[in-house]
Amino acid sequence: MIDEREYRDFRAQVDSLGLRDLKSYLDYGKRVRRGEGMGELHQWLGRILLDDDGVYNFADRARAFVISCCEWAAQRMVRTAAIEPAVLTVAGPLGRTRLLRLICGEEGDAECAALLALLRDQDHKFGGWINGRASALEDGEDTEAAQGLVVSSFLARLEKLDPVVASVGARKEVEEIRRQAEKSEERLRRELEAALDRAERAVGKTESLDREAKELRRSLRQDKENGEKLRSERSRRIKVERESRDSVEELRRLREEYIKLDQRLRETAGRGGGVNLGDLTQLPSGQLLGLSDGATREEMDQVRRSFAAVFHSDRATQLPSWVGDLFDQLLGAVNSACDRARR
């Protein structure tokens with residue numbers, strides 16, 4: 001659950017977030033351009049926004065929040081396109097965070113149309129992006145209906161820290177928001193239970209294959225005098241043992257990945273989020289780059305390219321987002337060392 005201090009940092013991130021940074025997060029821009037992978041994106045956004053275990057920091061939540069609001073606002077823009085905007089009076093400063101919260105939390109179509117118009121006037125780039133998403137939805141692009149529950153659940157949490165709904169005079173049903181949040185969390189719990197059930201079935205299948213393999217080996221030892229039967233049973237044994245090895249190896253790999261990920265998440269949570277490369281950046285440039293004193297510019301350029309080939313964030317697009325963040329920080333340290341060495 002986000003606290004008041006984190007909410008201030010979260011709000012600063014949202015208000016300063018650029019469209020280019022937003023489109024690169026979770027390949028949002030590529031997914032929109034290709035018109036595929038949006039359902040998977042919405043699932044990631046839900047995990048990040050409703051994370052209660054401290055896995056994701058406020059910067060991740062800020063990006064997930066803005067993307068979710070853009071998608072939700074685009075759907076509302078389609079629904080309110082032909083509606084006359086209401087006349088609203090909003091008290092106090094109206095930054096991007098507050099405006100997005102008002103848009104996604106507003107139930108009245110006329111009021112929402114007025115807030116969307118205000119967003120387009122105040123923030124041309126984001127307003128234009130949302131308008132383009134709305135046009136895509138009008139052309140029949142598929143949407144994720146469950147995303148509305150995730151946004152509503154997260155808005156309900158923010159409302160407890162910094163109430164904004166009442167500032168536009170709209171009467172909200174707080175119990176309904178809470179009910180939607182509980183419904184969304186219950187759905188996520190059911191998905192987790194289903195994943196655990198699949199893992200248990202995989203373990204059971206592995207054990208069953210192991211037992212079958214043992215029986216086949218015993219049968220082959222007893223019938224080794226019968227050549228034709230031996231060849232038939234051997235083929236079956238090889239097939240079953242291969243399936244057993246594949247299942248065991250897949251289960252072993254899955255367990256190792258879970259253990260590594262759990263260790264990384266615990267280490268990240270213990271450090272308060274983010275990757276600390278302070279000790280690495282304090283190394284002398286030659287030691288960090290693996291170069292001797294007096295290295296030429298061409299040698300430094302070659303080292304820079306070698307690092308980039310290994311640690312470019314594009315190589316981590318199928319992995320969790322913190323891997324890409326780690327690669328970016330490593331390349332930043334390498335580039336800084338190269339710049340220092342050239343002086």
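**Reading charges and salt bridges**

Me: At 48% relative accessibility, how does R79 count?

Reply: R79 counts as partly exposed, because its 48% falls between the limits of under 20% for buried and over 50% for exposed. Please keep in mind that this is a predicted model.

Me: What should I look for when two charged side chains lie side by side?

Reply: Side chains of opposite charge can pair when their charged atoms come close. In this structure, R79 forms a salt bridge with D109, with the closest N and O atoms 2.7 Å apart. R79 belongs to helix α5 (residues 58-79) and D109 to helix α7 (residues 109-122), so the pair ties together parts that are 30 residues apart in sequence. D109 is partly exposed, at a relative accessible area of 26%.

Me: How many salt bridges does the structure hold?

Reply: There are 18 salt bridges in the structure. One of them joins the side chains of R101 and E159, at 3.1 Å from N to O. This pair links distant parts of the chain, for R101 is in helix α6 (residues 96-105) and E159 is in helix α9 (residues 147-161), 58 residues apart.

Me: Are R101 and E159 buried or exposed?

Reply: The two partners must be read separately. R101 has 2% relative accessibility and therefore counts as buried, whereas E159, with a relative accessible area of 23%, is partly exposed.

Me: Where do R189 and E186 lie, and how are they separated?

Reply: Both are in helix α10 (residues 174-222), three residues apart, which means that about one helical turn separates them. Their side chains meet in a salt bridge of 2.7 Å, N to O. Each partner is partly exposed: R189 has a relative accessible area of 43%, and E186 has 32% relative accessibility.

Me: Which residues are joined into one network by salt bridges that share partners?

Reply: R76, R79 and D109 form such a network. The pair of R79 and D109 discussed above is thus seen again here.

Me: Which residues gather in a patch of positive charge on the surface?

Reply: The residues of this patch are R20, K23, K30, R33, R34 and K125. Two elements, α2 (19-24) and α3 (28-34), give two or more residues to the patch. The largest share, three residues, comes from α3.

Me: Where is K23 placed, and how does K23 count in accessibility?

Reply: K23 is in helix α2. Its relative accessibility is 33%, so K23 counts as partly exposed.

Methods: Residues are numbered from 1 along each chain as its sequence is written. This is a predicted model: local features need pLDDT of at least 70, side-chain atom pairs count only at pLDDT 80 or more; totals for chains, interfaces and linings use all residues. Side-chain values use heavy atoms; hydrogens and water are left out. Patches are made of residues with over 30% relative accessible area and no salt bridge: like charges are joined within 9 Å, nonpolar side chains (Val, Leu, Ile, Met, Phe, Trp, Tyr) within 5 Å. Accessible areas come from the Shrake-Rupley method with a 1.4 Å probe; for residues, only the protein chains shown count as cover. A salt bridge is a side-chain nitrogen of Lys or Arg within 4 Å of a carboxyl oxygen of Asp or Glu. Lys and Arg count as positive and Asp and Glu as negative; His and the chain ends are not counted. The place of a charge is taken as NZ of Lys, CZ of Arg, CG of Asp or CD of Glu. Helices (H or I, at least four residues) and strands (E, at least two) are DSSP runs, numbered from the N terminus. Buried means under 20% relative accessible area, exposed over 50%, partly exposed in between (1.4 Å probe, protein chains only).
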